[in-house]
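Q: I should like a close look at a single part of this model, followed outward to the elements that surround it. Please give the answer as one connected account.

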Amino acid sequence: MPPKPVTVRVVTMDSELEFAIQPNTTGKQLFDQVVKNIGLREIWFFGLLFTDSKDFPCWLKLNKKVLSQDIKKSLDQPLAFKFRARFFPEEVSEELIQEITQKLFFLQVKDSILTDEIYCPPETCVLLASYAMQAKHGDFKEDVHRPGVLHHERLLPRRVVEQYQLSIDEWEKRVVNWWKEHRGLVKEEAMLEYLKVAQDLEMYGVNYFDIKNKKGTELYLGVDALGLNIYEKQDKLTPKIGFPWSEIQNISFNDKKFVIKPMEKKSPPFHFYAPRLRINRRILSLCMGNHELYMRRRKADPLDIQQMKQQAREERTARERERQRMQTEIALRQQAEKDRKEMEERVKSFEDTTNAVKREKPPRLFLSTFDEDESVEEQNRMANELNDRRLQAEEAERRVQQEREEAEREHQRMMDRIQYEDIQKEKIVLEAKENGNNPYPDSRIDNRHPMDVPDSDDEENSMTSHNGHDIQFETDPNASRHEESRVSVTTRNQNIKRKLEETRQDLGRRQQKEDTREDKIYRENMLDKGIDKYKTLKKIREGTVKRRIDEFEAM
């Protein structure tokens, strides 16, 4: 009797999927089914999250069977997974290629901000809410988006709403004021603008872990796309010591002790202690994935990524051409309608004048035929002009229709070409697999998923070994650290900077609750010291690695 399949439910940020898997189905096979269903190719950012039997969140191991992992089971309920981003890009506008990838990140980051998992200052929350509305509803229209349109939208964190003495209508007015400025942004552009602001928030993409140094001081370890940072317990916004991934050579752990060996030869390894072995496993897995992606970003893109970016550029160009043609068509139709109404008004005015003259004209004995001839000529001229305008409008409409049909044909040709290339690529991959070859030896897609960390089958094995407890990184110590010189969007864009300040002052006059601890830290850093995320990053990486390790030990 064949084994009974098991039902699995996977919830993405905007859909719910169900699969029937076999007892021998691996994590990778399930993961591949999910990404194929949603059409995702940038798989290296994502993973499947589940709750284990002890109610801890865990990431599904791709190299193990699904049913062999410690997944919490409910009676008569499918096995539950969440499809989520685990690794975050450094620069969303450069790294997120597909629209589906941008959408998934947008929805996940938005949810993290609304639940206060990521701290966002109140004035920036209003800006992000306006981008969210543009992404969902398009351009603001007075006749469509009447007062109250935002009443049922989840736009702001509860912390922000409760902090100020503002009604829902007053919050809506502030969001709409920003929303009106985004006119012309299509959905994808609005989502990307949202992410460009969100990625500059201090807690964006950071995984925090409780650790202790040798002195026993309780601290946070922050693991993100740029490196490892150490935080004091009462402040998750301002790291005190930082190590970029390009400075780290080796990571290992033995039971609860974690050891990091720097690239700098004169620097000793530094140690910290986590409360549980499974936390060390999670830290190791995140370090491996983030380090790998950090190094990949600083190399030339492999061929498949170049092709994906080129395809995305072509699709954006086609959409932009279509949008411009649609705007031209709308403008021509509006102008033709305006001209038609003007001509009708002129004809009506002339007819009214003619009728009035006829009613008031003198007896025929004294009437000159010159006036009648002139009246007939004016009528004929007006009729000819009206006919010419009508013909011009029809010709313009025909041209617009031809251009639109040509754009649709060009778009279809492009999509056919892309589909053909994808089919050919799948054939190459299939043939290569049948022959036992890797078609993309340097490809991000066919290399090990960054989340797929080799580790021991024995959850309590505390022996340091190469199979998951001791990882040697392929590190380029000269890798670019350009992130240290970045400038945030809200600093670089003077219009946004000015409006944020106006919103901050406006909200300050209506505040009814004291600032939260994060509010105070943020305002001290940004307003008093003028320090943002990237200036802080540069500062905490100054000095030798040895000096920073000594500072960590002394905390």
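How many residues does helix H1 have, and how far does the helix reach from its first C-alpha to its last?

A: The model is predicted, and what follows is computed from its atoms. Helix H1 covers residues 27-38, which makes 12 residues, and its span from the first C-alpha to the last is 17 Å. At 1.5 Å a residue the expected value is 16 Å, so the span of H1 is close to expectation.

The next point is the distribution of burial around this helix. Gly27, Leu30, Phe31, Val34, Val35 and Ile38 are the buried residues of H1. Viewed down the helix axis, these buried residues fall within an arc of 130°, and they therefore line one face of H1. On the face turned away from that buried side, H1 carries the exposed residues Lys36 and Asn37. After the helix comes Gly39, which has a positive phi near 75°.

What does the buried side of H1 pack against? Its buried residues pack against four strands, namely E1 (6-11), E2 (16-21), E3 and E5 (79-85), and also against helix H3.

Of these partners, E3 merits a closer description, as it pairs with two strands. Strand E3 (46-51) runs antiparallel to E5, and four bridges join the two. Within this pairing, Gly47 of E3 stands opposite Arg84 in E5. E3 also runs antiparallel to E4 (57-59), here with three bridges. In that second pairing, Leu49 stands opposite Trp59 of E4.

Leu49 is a useful residue through which to view E3. Leu49 is placed in strand E3, and its relative accessibility of 21% counts as partly exposed, because a residue is buried only under 20%. With neighbours within four places in sequence left aside, Leu49 is in contact with Pro57, Cys58, Trp59, Ala80, Phe81 and Lys82. The C-alpha atom of Leu49 is separated by 6.9 Å from that of Arg84, although the two residues are 35 apart along the chain. As a general point on strands, side chains in a regular strand alternate between the two faces of the sheet.

The connection from E3 to E4 has a backbone feature of its own. The two strands form a hairpin with five residues between them, and Asp55 lies in the turn. Asp55 has a positive phi of about 65° although it is not a glycine. The relative accessibility of Asp55 is 48%, and the residue therefore counts as partly exposed.

Helix H3, the helical partner of H1, leads to another aspartate with a positive phi. H3 comprises residues 99-114, and the loop between it and helix H4 (122-137) contains Asp116. Asp116 is not a glycine either, yet its phi is positive at about 65°. With a relative accessible area of 31%, Asp116 is partly exposed.

Elsewhere in the chain, a further hairpin can be set beside that of E3 and E4. E10 and E11 form a hairpin with two residues between them, and Asp255 in the turn has a positive phi of about 60°. Strand E10 (residues 248-254) is mostly covered, with five of its seven residues buried. Six bridges join E10 to E11 (residues 257-262), and the pair is antiparallel. Phe253 has Phe258 in E11 as its bridge partner. E10 is likewise antiparallel to E13 (residues 470-472), to which three bridges join it. In that pairing Ile251 stands opposite Ile471.

One side-chain contact outside these strands may be added. Ser285 belongs to helix H8 (residues 277-297). The relative accessibility of Ser285 is 8%, and it therefore counts as buried. Its side chain makes a polar contact of 3.0 Å with the side chain of Arg86.

The whole chain supplies the setting for H1 and its neighbours. Its secondary structure comes to 15 helices and 13 strands, and 45% of its 555 residues are buried. Of the contacts between residues at least 6 apart in sequence, 70% join residues at least 24 apart. The chain exposes about 30400 Å², of which carbon and sulfur atoms supply 49%.

Key:
Residues numbered from 1 in each chain as written. Predicted model: local features only at pLDDT ≥ 70, side-chain atom pairs only at ≥ 80, totals over all residues. Heavy atoms only, no water. Buried < 20%, exposed > 50% of the residue type's maximum accessible area, 1.4 Å probe, protein only. Polar contact = N/O pair within 3.5 Å; in protein donor to acceptor, adjacent residues only side chain to side chain. Contact = heavy atoms within 4.5 Å. Areas by Shrake-Rupley, 256 points an atom, 1.4 Å probe, with all protein chains shown as cover. Arc of directions from axis to C-beta. Pairing = 2+ DSSP bridges.
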